[in-house]
Amino acid sequence: MSNTETGTETEAETERQTSDSLITTDVETGSNGRATASERTAVAARDVDVYYGDEQAIDGVSMEIPEKRVVALIGPSGCGKSTFLRCINRMNDMIDVCRVEGDIEFGGKNVYDGDVDPVALRRKIGMVFQEPNPFPKSIRDNVAYGLKIQKFDGDVDARVEESLKSAALWDEVNDKLDSSGLDLSGGQQQRLCIARAIAPDPEVILMDEPTSALDPIAASKIEDLIDDLAEEYTVIIVTHNMQQAARISDRTAVFLTGGQLVEYDDTTTIFEDPEHDRVEDYITGKFG
Amino acid sequence: MPRENYQRRLDALRADVVAMSDLVRERYDAAVEAAATGDETLARAVIEGDEAVNERYLALEDECVELHALQQPVASDLRLVTASFKIITDLERVGDLATNLAAYGTDDAGLHPAIAFRRLAGAAGEMVADAMAAYEAGDTDACRRIDARDDDLDERCRRASEAVVRNLLEADRARSDENRTATNNADDLATALDEVSSALLAVRDIERVGDHAVNIAARTVYMVDNDDELIY
C-alpha cells in the first residue's frame with residue numbers, strides 16, 4: 001500500500017463534493033476519550049478488522065471520533081494506523097487483497113454498506129497525503145478541481161478564495177492564482193492540497209503524516225492550520241511525530257503492533273498518564 | 001531499549017536530586033547543632049556552605065530544562081522531570097532555612113530554652129529525609145504519612161511559640177516585681193526580646209522546613225500516580 005500517490009484521479013475523487021445530506025448522530029458514550037454527552041460523533045468504528053490476504057492488519061478496533069475535534073492516530077511503523085485511516089473513506093477499496101470487516105459509521109450509515117457510493121463518501125471525507133501532491137495545474141484550478149467535477153453551480157472563484165483563506169494560503173497566492181501549483185514551496189503546496197480538500201466542503205479531513213515531508217516552519221504552519229480547521233471540520237491525522245500529536249490533537253489513539261488500538265483518550269491523559277504500560281513504554285521511547 | 005542515553009539521564013537526575021537532598025540534610029543537621037549550641041564556627045560553615053547547595057540546585061535546574069528542551073519527556077518521564085524540578089526548589093529553600101537557623105544561635109547559650117529545639121528541628125529534618133526516601137522509592141503511602149505528620153509539627157511549633165512568649169511575659173513580670181532600676185530593666189528586656197525573636201524565627205523556619213517536606217511528598221505523589229491531592 002502506498003500513501004504517497006501524486007496527482008491521481010483517485011485522490012481527486014476523495015476531494016470532490018456532493019450535496020448529500022449526511023446526518024451525524026448524537027452519541028453519549030462517557031469518558032476515556034470517546035464522545036461525551038455534549039459532543040456529536042462524526043465517525044464511529046465498531047469491531048473493525050482489516051486483512052491483507054491472510055494477514056490481519058487491524059484487529060477489532062472500535063472508536064468514536066467526535067465532531068470538529070482533532071484526533072491523532074499514533075503508533076510504530078506497521079501498527080495499522082494508516083490502514084485504519086484509509087478505511088474511513090474506503091481508500092483501501094483500491095487494494096484487491098484488502099478485506100474490511102466490522103462497521104465504520106458515518107452520517108448514520110456503515111460506509112461499507114452495499115449502497116454506499118465510495119466516490120460520494122470521499123467527497124464528504126477528504127484526504128491529505130504525506131507528500132504534497134498538487135495537480136500540474138494552476139493554483140486556481142487545483143482548488144476548483146473538485147468543484148468542477150461535481151458541477152458546482154455556485155461562485156467558483158469565491159469558493160476558491162474562501163478555501164485558500166481557510167488554508168492560510170490566500171495572502172501568499174492571491175496575486176498569482178494562475179501560476180502553477182507546482183511552483184509553490186513544499187509547505188505552500190501542502191496548504192494548497194488542504195485548500196483543495198476543503199473546497200468541496202467535506203465534514204471530515206483525513207491526514208496521513210501531512211507534515212513529514214516539510215521543514216519545521218512549514219510544518220508549524222500546517223499545525224496552526226489544523227487547529228483552525230477543527231472549528232469547521234473533524235480532523236483525523238496519522239503522525240509519527242508524537243510531539244506533534246501532543247501539540248495539535250484533542251484525542252489520541254495509540255495503535256501498537258498487531259493492529260490493535262491499545263488506548264484512546266484525551267491527548268493530555270495519553271501524554272501525562274496513560275493507562276496501559278505498553279502505551280507508556282511506546283510514548284516514552286522504551287519500545288517501538 | 002531505545003533511547004538508552006535518555007533513560008540514563010533520567011536515572012541520573014533522580015540520583016542527583018537524592019544526592020542534593022543528602023547535602024541539604026547535612027547542612028541542616030549542622031545548622032541545628034550550631035543553633036542549639038551557639039557554635040559560631042559551625043554556623044559560619046553552614047552559611048558559607050550554602051553556595052554549594054545553590055550550585056547543585058542550578059546544575060539540576062539546567063538539567064531539567066535541557067531534558068525538557070531536547071528530549072521532550074512524556075508520561076511518567078515528564079512527571080519525573082517536572083516533580084524533580086519542583087523538588088529541587090524545595091530543597092534549595094531548606095538549605096536557605098538552614099542558614100537562617102545557623103545564624104540564630106549566635107552565642108554560647110544557643111536558642112531559647114523554652115523550645116525543645118533539637119527535637120522540633122529534628123522532626124522537621126526527618127520529614128525531609130523521609131520525603132526524599134519516598135521520592136527515591138516512589139512510595140506514595142509514605143508521602144501521605146508525611147502530610148499527616150506535618151499537622152503534628154505545626155501544632156508543636158504553635159505550642160513552642162506560645163511557650164516562648166509566655167516565658168517572656170513571665171520574666172518581664174518578675175523583673176517588675178523585683179523593682180529594678182529602669183536602665184537595667186530596659187537592658188534585660190532588650191536582651192530577652194532578641195532571644196525571643198530568634199526563637200520565634202527559628203520555630204517559624206522549622207515549620208517551613210516541614211512544609212517543604214510536604215511539598216516534596218506532594219510532588220512525589222504526582223510523579224508516581226499523576227495525583228495532585230497533596231499539592232496545595
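This tour moves through a predicted model stop by stop, saying what to select and what is there.

Residues are numbered from 1 along each chain as its sequence is written, and chains are lettered from A in the order in which they are written. Local features need pLDDT of at least 70, side-chain atom pairs count only at pLDDT 80 or more, while totals for chains, interfaces and linings use all residues, and side-chain values use heavy atoms, with hydrogens and water left out.

**Stop 1: a charged patch on chain A**

Select A:Glu162, A:Asp201, A:Asp224, A:Asp227, A:Asp228, A:Glu231, A:Glu232 and A:Asp250. Together they form a patch of negative charge on the surface. (Patch residues have over 30% relative accessible area and no salt bridge, and like charges are joined within 9 Å.) Now color helix 8, residues 216–229 of chain A; it gives the patch its largest share, three residues. (Helices are DSSP runs of H or I, at least four residues.) A:Asp224 sits in this helix. A:Asp224 is exposed, at 52% relative accessible area. (Buried means under 20%, exposed over 50%, partly exposed in between, with a 1.4 Å probe and protein chains only.)

**Stop 2: the cysteines**

How many disulfides does the structure hold over all chains? Zero. (A disulfide is a pair of cysteine sulfur atoms within 2.5 Å.) Select A:Cys87 and A:Cys98. The sulfur of A:Cys98 is the closest cysteine sulfur to that of A:Cys87, but at 5.7 Å it is too far for a bond. A:Cys87 is buried, at 0%.

Switch to chain B and select B:Cys143. B:Cys143 is in no disulfide, and its nearest cysteine sulfur, that of B:Cys64, is 18 Å away. B:Cys143 is buried at 0% relative accessibility. B:Cys64 is also buried, at 0%, and lies in helix 2, residues 40–71 of chain B. Add B:Phe85: its C-alpha is 6.2 Å from that of B:Cys64, though the two are 21 residues apart along the chain.

**Stop 3: salt bridges on chain B**

The structure holds 35 salt bridges over all chains. (Each has a side-chain nitrogen of Lys or Arg within 4 Å of a carboxyl oxygen of Asp or Glu.) Select B:Arg159 and B:Glu155. Their side chains meet at 3.5 Å, N to O. They are four residues apart in helix 5 (residues 140–177), so about one helical turn separates them.

Next, take B:Arg166 and B:Glu162, bridged at 3.9 Å. They too lie four residues apart in helix 5.

Finish with B:Asp205 and B:Arg204, whose closest N and O atoms are 3.1 Å apart. B:Asp205 is buried at 0%, whereas B:Arg204 is partly exposed at 34%. Then select B:Glu155, B:Arg158, B:Arg159, B:Glu162 and B:Arg166: salt bridges with shared partners join them into one network.

Notes
Patches are made of residues with over 30% relative accessible area and no salt bridge: like charges are joined within 9 Å, nonpolar side chains (Val, Leu, Ile, Met, Phe, Trp, Tyr) within 5 Å. Accessible areas come from the Shrake-Rupley method with a 1.4 Å probe; for residues, only the protein chains shown count as cover. Lys and Arg count as positive and Asp and Glu as negative; His and the chain ends are not counted. The place of a charge is taken as NZ of Lys, CZ of Arg, CG of Asp or CD of Glu. Helices (H or I, at least four residues) and strands (E, at least two) are DSSP runs, numbered from the N terminus.
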